[in-house]
Amino acid sequence: MNAFELQRDAFGLWALVLADGTRHSPVTAIRAYPITDPEGGVALMDAEGHELLWIDQLAQLAPDVRSQVMQALTEREFLPVIEKLEGVSSFATPSTWTVVTNRGTTQFLLKGEEDIRRLTGTVLLINDADGVQYMIRDLAAMDKHSRKLLDRFL
């Protein structure tokens with residue numbers, strides 16, 4: 001048996017059941033480093049923000065438990081990954097961007113160049129006017145048109 005199980009309680013919230021039968025509900029799964037190490041450390045936290053369980057690596061979990069933890073993480077996190085820039089309304093800010101993300105095509109308003117942050121050499125984080133964050137995982141892997149548009153803002 002695993003050291004723990006993650007289940008839904010009667011209200012549809014995540015519950016942590018430890019090997020000794022102790023049950024904690026509700027719990028929230030939180031990645032330690034969601035951008036730089038998404039497969040790394042994950043904490044299962046109680047409603048007061050106390051850590052109940054630490055997971056060093058998601059790969060260490062049994063497939064069914066890993067699937068449940070991933071589902072809990074996905075429900076909490078919203079960080080669309082920009083796969084392609086289709087266009088920008090203007091090269092001056094504010095400008096409206098039309099992008100294709102891993103969650104579909106959307107538009108957002110970029111208030112200023114300072115809302116584009118370079119996290120590493122190829123990873124960018126973009127904040128739109130509504131506070132939604134978008135990520136570009138690998139700038140070098142994007143198509144030529146997308147890179148050309150981005151270069152105007154970097």
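A residue is called buried under 20% relative accessible area, exposed over 50%, and partly exposed in between. The exercises below use a predicted model.

**Exercise 1.** Classify T106 as buried, partly exposed or exposed, and state which residues T106 touches.

Solution. Step 1: find T106 in strand β9, residues 104-110. Step 2: take the relative accessibility of T106, 28%, so T106 counts as partly exposed. Step 3: list the contacts, leaving out residues up to four places away in sequence; T106 touches W97, T98, V99, T101 and Y134. Step 4: for the separation from A15, 91 residues apart along the chain, take the C-alpha atoms, which are separated by 34 Å.

**Exercise 2.** Work out on which side of α1 the buried residues lie, and what they pack against.

Solution. Step 1: helix α1 covers residues 63-76, which is 14 residues. From its first C-alpha to its last, α1 reaches 20 Å, close to the 20 Å expected at 1.5 Å a residue. Step 2: the buried residues in α1 are V65, V69, A72 and L73. Step 3: these residues cover an arc of only 100° around the axis, so they lie on the same side of α1. Step 4: the buried residues of α1 pack against β1, β2, β4, β5 and β6.

**Exercise 3.** Describe the surroundings of the charged residue D9.

Solution. Step 1: D9 sits in the loop between β1 (4-8) and β2 (14-18). Step 2: D9 is buried and has no salt bridge. The nearest side chain of opposite charge is R23, 6.0 Å away, and a salt bridge requires a distance within 4 Å. Step 3: the side chain of D9 does make a polar contact with the side chain of S25, at 2.6 Å. Step 4: not counting residues up to four places away in sequence, D9 touches A15, R23 and S25.

Key: Residues numbered from 1 in each chain as written. Predicted model: local features only at pLDDT ≥ 70, side-chain atom pairs only at ≥ 80, totals over all residues. Heavy atoms only, no water. Helix = DSSP H or I, 4+ residues; strand = E, 2+ residues; numbered from the N terminus. Buried < 20%, exposed > 50% of the residue type's maximum accessible area, 1.4 Å probe, protein only. Lys, Arg positive; Asp, Glu negative; His and termini not counted. Polar contact = N/O pair within 3.5 Å; in protein donor to acceptor, adjacent residues only side chain to side chain. Contact = heavy atoms within 4.5 Å. Expected span 1.5 Å × (residues − 1). Arc of directions from axis to C-beta.
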